[in-house]
Amino acid sequence: MIKIFLNEFRRVFSDTGVLIFFFIVPLLYPALYSWLYNNEIVREVPAVIVDDSKSSLSRELIRRLNATQELNVVDYKENIDEARQLIMQQEARGIVYIPSSFAADIHSHRQTTVSLYVDMSSMLYYKSLLTSLTNVTLDMGSEISVSMMNSQTHREEQIAAAPLSYEAVPMFNPVGGYGCFLIPAVLMLVIHQTLILGIGMSSGTLRENNRGHKLITRQEAPFGIARVVLGKTLCYFMIYLVMSCYITMAIPRMFNFIQLAGFWQIIAILIPFLLATIFFALTLSCLMQQREHVMLIIIFTSVPLLFISGIPWPVSSLNASYKAISYIFPSTFGINAFVKVNSMGASLGDILFELRALWIQVAVYFLLALFVWKPKRWNKE
Amino acid sequence: MSKTGIIQSLWDIMKREIKTLIHAPIYWFSMIVFPLFVIFFFSGLMNEGLPTDMPVGVVDLDNSTTSRKLLRNYDAFQQSHIVAHYPDVNQARRAMQKCEIYAFMYIPQNMERDLLASRQPKISFYYNNSVLLAGSLIYKEMRAISTLGAASVGSAKLQAKGLTQHQIKSVLQPIATDVHAIDNPMLNYNIALSTTIIPACLALFILLVTAYSVGIELKNNRAKSWMRMAENRVLIALIGKFIPQTIIFTLVVWLYQYWLFVHLNFPHNCSFWAILLIGFVLVVAAQSFAIFIFSLLPTLRMSMSICSLWGVLSFSISGFTYPVTSMAPSLQILSWLFPMRHYFMIYQMNILHGYSLHYSWMYVVALLAFILLPLFMLSRLKKIFYKYVYLP
């Protein structure tokens, strides 16, 4: 087994293609992705104002909108059509329209309506502009209603305008940052995908290099399949334990992402996750006829796998068949376990389901890998 | 070479390529099976448009008629579904950490009594922002239900004071807002995401298959015979080889466009012919880009690695989820090097919103410029095909 392990180690380090997947990609991709999303939230979305009211109240509204971090007033236009020009030129993402009756309505105690038109090229523009407008109109509104009533005390007015108050507490990702939400899932996915790519390329090469297109070479066959599989696993596992520690611990620190998990908690997830992924990759090796095939087969799966992990799209909205597909891949459980422990501060007891599922996958894919790697035709030759 | 000679060698190379495509199962999978899978996978995944009935919990310490009525009304909302009641905040928090619920509402003791006595009780929502979409959608509904709850209590009181319905409205919400999400009024996530994720996946296949099929010529030692068939004209060799692939990929892209814009009736404000044309341009631009990458890095593994880097980064840098304008300035410039970025801009400006080409011409030019890239590399490619050997 040690011999197989050393052999595999040597093969990994002499194959540039495998080195790219095992070292370059895991080192660079997480950093690149973190850089992409490092601004976290969409600030100062450019908006254009159409102010038909031209009153001190409408100017107050505009001033307050401009003061929010979500919205930035870039221009004033006379009518909606002119404002639309700016949207078409991609210089503004939304139009705030204040009707001519705005101030008159407020002074005569009528409800008035401010309109917002949003360009839907990105949901996040919509979210930012809506947040800004809602917050400002609610604030200004409650001040107006307080001044409207002639009650005895200030407190009484406040209560009449809002008899029930509420507070919203965003948990685990207080600013609603895009990076803090997506990156932890992407990090685990990078480990999963590069491991499969590297192992797939390595076994594809084996297939190409011997005449029978078999996974096990003639030199290795006498050791027995179990030893070969375990020896290779040990090699990949040792390399990836180091790489995963960098990805799951150093990257969040470098880019200031949330990290609530302790070292041993992450290790407790990584061990079954890496083993399950390695055995899964060894099982998939039977599909790789040539070393380059692995890229054609595996790379596109990254985005679907991310989506069915339940982080970008809530798992409660996945129907049964998508859920069933997601249970095949170690990434689903690895991502969920890591996100729960790392971003939501869950304890290992809270992720028992994921850990159990990963260990079951370890067992199942180990057996499948043995089955796949069993040389069928050696005996006949 | 005469005109008929050119056509003859084009035809011969095409026949040779078709034979290759048919006999290697990997092409069947990565040109037809996987792309079709991706199309139906994503358009089916989000077919509800918005997630509905996401599980939420409740900590109701008041347990009064008012609080139960509030919760009943809340449960009727479309996106939230109350699945559990917890005796205290700690247990609700643990359920949230296990992702059994995405949010919970906390109703304090004596809420009803405080409400009647005008002591302005406060209810709280705790929502999970690590699952950003679920968190923010549920937050919106929880805010709506508490505003409604406050309004029903407040209006009863104001009515007693003798205010008219109009006045009550103006007291409770003096400034209302009226939001128009242009061309996607229901905030349908399928419309927002599938329209770019799917073509980005298809572009990824095109990049990889193109780089693979050029590189494999070297690997299988067929490059020289291929060049001989084209009588040493690289351009003829490339065109002949890629016409069959272009046809297949274009049909796949057209199928995707038909499925989304016709079958699922996604919003589009330009003619369907224009959509098909853009789809075709995307296919050729991606192919040309991959050939260009191969001519820069003429090994199979390097060109495929760069193509997959480009293809995978396209999902982020085309800006359909997190907008490019909010990324670092250097990344905004880099985004011009990605064909998918231009496709996305053309999609959202011309197809979704129906603006005229007058506003998006530079993206069209940029996409067309990718098609010209291989032309600068013809002599280098010739050298590659004759001299380079395959490196594993």
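Me: How many helices and strands make up the secondary structure of chain A?
Reply: This is a predicted model, in which local features need pLDDT of at least 70, side-chain atom pairs count only at pLDDT 80 or more, and totals for chains, interfaces and linings use all residues. Residues are numbered from 1 along each chain as its sequence is written, while chains are lettered from A and ligands numbered from 1 in the order in which they are written. Helices (H or I, at least four residues) and strands (E, at least two) are DSSP runs numbered from the N terminus, and for chain A the secondary structure comes to 15 helices and five strands.

Me: What is the radius of gyration of chain A?
Reply: The radius of gyration is taken over C-alpha atoms, and the globule rule is 2.2 Å times the number of residues to the power 0.38. For 381 residues this rule gives 21 Å, and chain A lies well over that value, so it is more spread out than a compact globule. Along the principal axes, its C-alpha atoms fill a box of roughly 95 × 45 × 40 Å. The radius of gyration of chain A is 29 Å.

Me: How far apart do the C-alpha centres of domain 1 and domain 2 of chain A lie?
Reply: Domain 1 of chain A takes in 2–38 + 175–373, and domain 2 takes in 45–161, with bounds that come from an automatic or database domain assignment. Between the C-alpha centres of these two domains the distance is 49 Å.

Me: Which helix of chain B gives the most to the side that touches chain A?
Reply: Two residues are in contact if their C-beta atoms, placed from the backbone, lie within 7 Å, and the contact takes 95 residues from chain B and 87 residues from chain A. On the side of chain B that touches chain A, the helix that gives the most has 14 residues there, and it is helix H6 (residues 132–160).

Me: Which strands stand at the edges of the open sheet E5(A)-E4(B)-E3(B)-E1(B)-E2(B)?
Reply: Two strands pair if DSSP finds at least two bridges between them, and this open sheet of five strands has mixed pairing. Each edge strand has a single partner strand, so one side of each is left without a neighbour in the sheet; these strands are E5 of chain A and E2 (80–85) of chain B.

Me: What is the bridge partner of A:Ser165 in E4(B)?
Reply: Strand E5 (residues 165–171) of chain A and strand E4 (residues 122–128) of chain B pair in the parallel sense over seven bridges. Among these strands' residues, A:Ser165 has as its bridge partner in E4(B) the residue B:Lys122.

Me: Which edge strand of the sheet E2(A)-E1(A)-E3(A)-E4(A)-E5(B) belongs to chain B?
Reply: Five strands form this open sheet, and the pairing is mixed. One edge strand is E2 (71–77) of chain A, which pairs on one side only, and the edge strand from chain B is E5 (175–182).

Me: What angle does the direction of helix H6 of chain A make with that of E4(A)?
Reply: Strand E4 (residues 112–119) of chain A is joined to E5(B) by eight bridges, and the two run parallel. Helix H6 (residues 123–148) of chain A packs on the sheet, touching E1, E2, E3 and E4 of chain A together with E5 of chain B. Axes are lines fitted to C-alpha atoms, for helices over the stretch in contact, and angles run from 0 to 180 degrees between N-to-C directions. With the direction of E4(A), that of H6 makes about 165 degrees.
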